[in-house]
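Here is a short tour of a chain you can turn around on your own screen while reading. Please keep the sequence and the 3D view side by side.

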Amino acid sequence: MDMCCKDLAEKLLLFRDGDLPEEEVQHLREHLHYCPPCLDLLNGYDEVVEVLCRLKPVKMPANLCESMKERLKTECGGTPDARQPEAASDGNGSEA
Ligand SMILES: [Zn+2]
């Protein structure tokens with residue numbers, strides 16, 4: 001037992017997008033062989049994507065797109081420590 005269905009459900013999305021590393025794809029394929037529920041899940045994703053594709057395209061303002069990219073960069077690229085406010089003064093403040 002190396003991969004539980006919950007883990008797999010998350011990887012299925014990556015798998016669909018082709019973003020899953022080759023070795024993980026192998027694990028996932030093996031799992032799908034003996035786990036019909038997960039196979040259903042994968043097929044379910046396909047249906048969802050298909051439905052989404054049939055929806056009317058929504059125009060996204062270019063500036064919104066840019067600001068989202070910026071935001072993603074900030075939220076995903078920053079180190080966790082960088083989120084703390086500058087309160088790290090350890091015995092260095094002798095100026096008034
Ligand atoms: Zn499964």
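Helix 4 (residues 62-77) is built from 16 residues and reaches 22 Å from its first C-alpha to its last, close to the 22 Å expected at 1.5 Å a residue. Helix 4 is also hardly covered, with zero buried residues among its 16. Please bear in mind that this is a predicted model.

Across the whole chain, you will find four helices and zero strands, in the order α-α-α-α along the sequence. Of the 96 residues of the chain, 3% count as buried.

How confident is the prediction? The chain averages a pLDDT of 78, and 77% of the residues score at least 70. Confidence is lowest in helix 1 and highest in helix 2, as the table shows.

| Helix | Mean pLDDT |
|---|---|
| Helix 1 | 82 |
| Helix 2 | 90 |

Now to helix 1 (residues 5-17). Its 13 residues should span 18 Å at 1.5 Å a residue, and the end C-alpha atoms are 19 Å apart, which agrees. Even so, helix 1 bends by about 30° at Lys11. Helix 1 is followed by Gly18, a residue with a positive phi, near 75°.

Which way does helix 1 pass helix 3? The crossing is right-handed. In general, two packed helices are described by the angle between their axes and the distance between the axes. Here the axes of helix 1 and helix 3 (residues 36-54) come within 10 Å and cross at roughly 35°. On the helix 1 side, the contact is made by Cys5, Leu8, Ala9, Leu12, Leu13 and Arg16. Helix 3 contributes Pro37, Cys38, Leu41, Leu42 and Tyr45. As a reminder when you look at such spacings, an α-helix has 3.6 residues a turn, so residues three or four places apart point the same way.

One residue of helix 2 (residues 22-34) is worth a look: Val25 has its place there. Is Val25 buried or partly exposed? Val25 counts as partly exposed because it has 14 C-beta neighbours inside 10 Å, whereas a buried residue needs 20 or more. Leaving aside residues up to four places away in sequence, Val25 touches Phe15 and Leu20. Val25 and Phe15 are ten residues apart along the chain, and their C-alpha atoms are separated by 6.9 Å.

Terms used
Residues are numbered from 1 along each chain as its sequence is written. This is a predicted model: local features need pLDDT of at least 70, side-chain atom pairs count only at pLDDT 80 or more; totals for chains, interfaces and linings use all residues. Helices (H or I, at least four residues) and strands (E, at least two) are DSSP runs, numbered from the N terminus. The expected span of a helix is 1.5 Å times one less than its number of residues. The bend at a residue is the angle between axes fitted to the seven residues ending there and the seven starting there. A residue is buried if 20 or more other C-beta atoms lie within 10 Å of its own, exposed if 12 or fewer, and partly exposed in between; C-beta atoms are placed from the backbone. Two residues are in contact if their C-beta atoms, placed from the backbone, lie within 7 Å. pLDDT is the predictor's confidence in each residue, from 0 to 100. Axes are lines fitted to C-alpha atoms, for helices over the stretch in contact, and angles run from 0 to 180 degrees between N-to-C directions. A crossing is left-handed if the near helix is turned anticlockwise from the far one by less than a right angle, and right-handed if clockwise.
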